[in-house]
Amino acid sequence: MHLSSFPFIEAIDQESLSFIQNHIKHISIPKNNILFYQGDVCKNIMWLTKGEIRLYTQSDDIEEFTLYILKAGEQCIVNTASLFSNTGAIASAQSITDVEGYVIDDNSVKKLSKMSDAYQSYLFSIYQLRFETLASLINDIKFKHLNVRILEWLQKQENYMIEVTHEHIGIELGSSRVVVSRVLKELENKGHIILHRGKIEILKKEK
């Protein structure tokens, strides 16, 4: 069992740890697979130990919108909320890399939350952390134009020549590839960047 990246494991009591070991199952999922769709009622929780998963929403009249990227050592609040409330998930989940982790079924995870104060505290902490992330995303979307957000994201990267796809930037910033490509072309025309095949060159790093 490789769950050391989850903070509740260190604080959990031996009875709860044994319970976890007896009720989890290792799982691996290839890149670009749907774990659950928006509207599905989740029947298990995944503890992600390797890779990244994108949580996104969509409707008939708008394109996909990325809520956040789930990374190793994290538990998904969309997944968690759907399971504990027995309601449809507010977003879909897709693996954007090959992923690995452990799944625990709904009855077992509900029992664990009652058995372990450490796990219960962890549940509250992930909601707080993710809500802060979403609040920051909403703030950026409301008050910053996408060209500013893209330029800021590029400036944060280590190198002047960044190997990245337009789709990946869209995933990171909650936009579509088509819109990102249009904005990048505008930034190139204004002299901020140069677009290459599969790469973006920053002409000037801002302090």
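**Exercise 1. Find the largest nonpolar core, its best-connected residues and the helix that gives the largest share.**

*Solution.* Start with the criterion: a nonpolar core is a set of buried Ala, Val, Leu, Ile, Met, Phe, Trp, Tyr and Cys residues joined through side-chain atoms within 4.5 Å. Buried stands for under 20% relative accessible area, exposed for over 50%, and partly exposed for anything in between, with a 1.4 Å probe and protein chains only.

A word on the input: this is a predicted model, where local features need pLDDT of at least 70 and side-chain atom pairs count only at pLDDT 80 or more, while totals for chains, interfaces and linings use all residues. Residues are numbered from 1 along each chain as its sequence is written, and side-chain values use heavy atoms, with hydrogens and water left out.

Step 1: the largest nonpolar core comes out at 39 residues, and F8, I20, W47, L55 and Y68 have the most contacts inside it.
Step 2: helix α5 (residues 117–143) supplies the largest share of this core, five residues. Helices here are DSSP runs of H or I with at least four residues, strands are runs of E with at least two, and both are numbered from the N terminus.
Step 3: another core, of 16 residues, lies apart from it and has L151, I162, I169 and V180 among its members.
As background, nonpolar side chains tend to be buried together in soluble globular proteins.

**Exercise 2. List what Y68 touches beyond its sequence neighbours, and say which charge lies over its ring.**

*Solution.* Step 1: use contact in the sense of heavy atoms within 4.5 Å. Leaving aside neighbours within four places in sequence, Y68 is in contact with I53, R54, L55, C76, I77, V78, R130 and L134.
Step 2: check for a charge over the ring, which takes NZ of Lys or CZ of Arg within 6 Å of the ring centre and within 35 degrees of the ring normal. R130 passes, lying over the face of Y68 at 4.0 Å from the ring centre.
Step 3: R54 does likewise with Y56, sitting over its face at 4.2 Å from the ring centre.

**Exercise 3. Work out which aromatic pairs F6 forms with W47 and Y122, and what they link.**

*Solution.* Step 1: rings of Phe, Tyr and Trp (its six-membered ring) pair if their centres lie within 6.5 Å; planes under 30 degrees apart are stacked, over 60 edge-to-face, and the rest tilted. The structure holds eight such pairs.
Step 2: F6 and W47 make a tilted pair, 6.3 Å centre to centre with 55° between the planes. F6 sits in the segment before α1 (7–11) and W47 in strand β3 (residues 44–50), 41 residues apart. Both are buried.
Step 3: F6 and Y122 are edge-to-face, at 6.4 Å centre to centre and 75° between the planes. Because F6 lies in the segment before α1 and Y122 in helix α5, this pair ties together parts that are 116 residues apart in sequence.
Step 4: put the ring pairs together, and F6, F8, W47, Y119 and Y122 are linked into a cluster.

**Exercise 4. Derive the strand order of the sheet that holds β7, and place the helices packed on it.**

*Solution.* Step 1: two strands pair if DSSP finds at least two bridges between them. Strand β1 (residues 24–29) meets β7 (residues 99–105) over six bridges in the antiparallel sense, with H26 bridged to Y102.
Step 2: six bridges also join β3 to β7, again antiparallel; I45 stands opposite I104.
Step 3: the result is an open sheet of three strands in the order β1-β7-β3. β1 and β3 are the edge strands, each pairing on one side only. In β7, five of seven residues are buried.
Step 4: take axes as lines fitted to C-alpha atoms, for helices over the stretch in contact, with angles from 0 to 180 degrees between N-to-C directions. The twist averages 30° from one strand to the next. Helix α2 (residues 14–23) packs on the sheet, touching β1, β3 and β7, at about 50° to β1. Helix α4 (residues 106–115) packs there too, touching β3 and β7, at about 80° to β7.

**Exercise 5. Decide which side chains of β10 are buried and which are not.**

*Solution.* Step 1: β10 belongs to an open three-stranded sheet with the order β8-β10-β9 and antiparallel pairing.
Step 2: I200 and I202 point to one face and are buried, whereas K199 and E201 point to the other and are not.
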